Amino acid sequence: MLVVMKKGTPEKKIQAAVNAIEKKGYTARPIPGGDRVSIGILYNTGSVDAAHFLGIDGVKEVIPVTKPYKLVSREFQQENTQIKVGDAVFGNGSFPVIAGPCAVESENQVLSIATSVKKAGATLFRGGAFKPRTSPYSFQGLGENGLKLLATVREETGLPIVTEVMDVETFDLVEKYADIVQIGTRNMQNFSLLKRAGKSVRPVILKRGMSALLQEWLMAAEYIMEEGNNNIILCERGVRTFVKHSRNTLDLSVVSAVKKESHLPVIVDPSHAAGVRDQVICLAYASAAMGADGVMIEVHNNPEEALSDGAQSLYPEQFFSVMEKMTAIHDIVRKP
Ligand code: PEP
Ligand code: MN
């Protein structure tokens with residue numbers, strides 16, 4: 001249920017309405033909007049009688065919410081959520097690009113890649129210090145030393161850092177170094193991790209689970225938002241299908257589906273979808289054409305020797321040309 005307040009209702013009256021709703025035994029959450037302030041009713045199990053709220057001073061209308069997700073839904077908030085990190089804004093129609101290696105390997109590696117991707121126009125740097133690997137024998141990441149190298153990249157280049165957090169135990173540590181914390185596909189339904197992310201002061205990139213429905217993905221985001229963190233960037237990274245010609249199948253149609261259902265920005269990671277660099281390039285162009293709110297792309301200065309995901313990492317020269325065309329495609333699509 002969404003209680004919509006009259007345009008220009010003063011803050012004091014909104015608070016009085018929240019109190020009046022809570023006095024009736026409901027949980028109320030004010031949702032600031034451009035034109036109107038609404039109050040969301042949370043935790044109600046059955047249907048709620050609109051008449052309960054219509055008599056409250058300042059209330060314009062009461063709209064039933066039909067979706068299981070609330071805070072993340074377009075029904076609750078009509079305007080796009082915009083998330084500003086450094087020079088990048090997600091959700092305002094621009095096309096921020098996050099680029100960097102799969103994993104942090106050495107100072108020389110991250111600084112070399114960061115310098116290249118910055119020159120090409122990327123505005124955020126990615127790199128994993130804690131790596132969720134399928135095999136326990138694969139490189140697991142440099143841990144805190146990796147985070148320190150990411151901090152060096154930020155100091156040297158000014159690029160904000162995106163890095164994955166794998167568990168609740170290391171959340172405080174990762175949060176200390178990261179500008180955006182990433183929750184990976186394998187953790188999309190790690191509910192304790194989602195709740196911890198909801199208490200974070202950092203924006204969160206929430207990757208879509210490998211076989212998650214849109215509804216399950218949005219419900220995962222709802223966990224984060226319900227704890228108070230509104231700065232969530234959804235990231236499509238391909239889903240598991242029967243095909244063998246690519247690592248995953250990039251579900252580009254989910255971009256428009258997300259935008260219809262939710263006010264949260266949605267970016268695309270063509271690298272983990274494709275698994276091979278030739279496919280990454282055209283999927284990156286397609287992501288821009290789809291109207292995504294940005295992309296995340298893996299780039300490596302020496303992919304042949306990469307400790308993870310070398311085959312899908314672009315060479316820095318390739319990334320330069322991809323940036324140019326991708327940005328041009330975004331501009332064409334955005335033209336009124
Ligand atoms: C990553 O971005 O480094 C990663 C592991 O991606 P995903 O969770 O999508 O597999
Ligand atoms: Mn990777």
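Let's start with the donor spacing at the manganese ion, ligand 2. Along the chain the donors read C-x169-H-x25-E-x10-D. One caution before going on: this is a predicted model. The four residues are C102, H272, E298 and D309. C102 coordinates through SG, and H272 through NE2. E298 uses OE and D309 uses OD. The distances run from 2.0 to 2.3 Å.

Where do H272 and E298 come from? H272 sits in helix α9, residues 270–274, and E298 sits in strand β14, residues 295–298. They are 26 residues apart, so this pair links distant parts of the chain. Buried or exposed, these two? H272 is buried, and E298 is too.

Now D309. This donor lies in the loop between β14 and α11, the latter spanning 316–334. Its backbone is worth a look. Phi of D309 is near 55°, a positive value in a residue that is not glycine.

If you set up geometry checks on the metal, here is the general reference. Four tetrahedral donors have ideal angles of 109.5 degrees, while six octahedral ones have 90 or 180 degrees.

Next, ligand 1. Which residues surround it? The list is R126, K131, E164, Q182, G184, T185, R186, K207, R237 and H272. Note H272 in that list. H272 is also a donor to the manganese ion.

Three polar contacts to oxygen atoms of ligand 1. The side chain of K131 has an N or O atom 2.9 Å from a ligand oxygen. The side chain of Q182 does likewise, again at 2.9 Å. T185 uses its backbone instead: a polar atom there is 2.8 Å from an oxygen of ligand 1. How much of the ligand is covered? On its own, ligand 1 has 290 Å² of accessible area, and the protein covers 97% of that.

Now the strands behind those contacts. I'll go in chain order.

Strand β8 covers residues 124–126. It pairs with β9 in the parallel sense, over two bridges. R126, from the ligand 1 list, stands opposite V162 in β9. The connection is a right-handed β-α-β unit, with helix α4, residues 144–157, between β8 and β9.

Strand β9 covers 161–164. I161 and T163 point one way, V162 and E164 the other, and every one of them is buried. In general terms, side chains in a regular strand alternate between the two faces of the sheet. E164 is among the residues around ligand 1.

On to β10, residues 180–183. Three bridges join it to β9, and the two run parallel. T163 has V181 as its bridge partner in β10. Helix α5, residues 171–177, completes a right-handed β-α-β unit with β9 and β10.

Then β11, residues 204–207. V204 and L206 face one way, I205 and K207 the other, and again all are buried. Three bridges join β10 and β11, which run parallel. Q182, the ligand contact, has I205 as its bridge partner in β11. The chain gets from β10 to β11 through helix α6, residues 191–198, in a right-handed β-α-β crossover.

Last in this run is β12, residues 232–236. β11 and β12 pair in the parallel sense over four bridges. K207, another residue around ligand 1, has C235 as its bridge partner in β12. Helix α7, residues 214–226, makes the right-handed β-α-β unit with β11 and β12.

A few single residues to finish.

I83 is in strand β5, residues 83–85. Why does I83 count as buried? Because its relative accessibility is 2%, and the cut-off for buried is under 20%. The C-alpha atoms of I83 and P203 are 7.7 Å apart, with their positions 120 residues apart along the chain.

G294 is in the loop between α10, residues 277–289, and β14. Its relative accessibility is 0%, so G294 counts as buried. From the C-alpha of G294 to that of P101 is 17 Å, and the two are 193 residues apart along the chain.

Y43 goes the other way on accessibility. At 53% relative accessibility, Y43 counts as exposed, because exposed means over 50%. Y43 lies in the loop between β3, 38–42, and α2, 51–54. Its phi is near 70°, a positive value in a residue other than glycine.

How values were computed:
Residues numbered from 1 in each chain as written. Chains lettered and ligands numbered in written order. Predicted model: local features only at pLDDT ≥ 70, side-chain atom pairs only at ≥ 80, totals over all residues. Heavy atoms only, no water. Buried < 20%, exposed > 50% of the residue type's maximum accessible area, 1.4 Å probe, protein only. Pairing = 2+ DSSP bridges. Right-handed = clockwise from strand over helix to strand, strands pointing away. Near = heavy atom within 4 Å. Polar contact = N/O pair within 3.5 Å; in protein donor to acceptor, adjacent residues only side chain to side chain. Areas by Shrake-Rupley, 256 points an atom, 1.4 Å probe, with all protein chains shown as cover. Donors = N, O, S within 2.8 Å, 3.2 Å for Na, K, Ca; no water.
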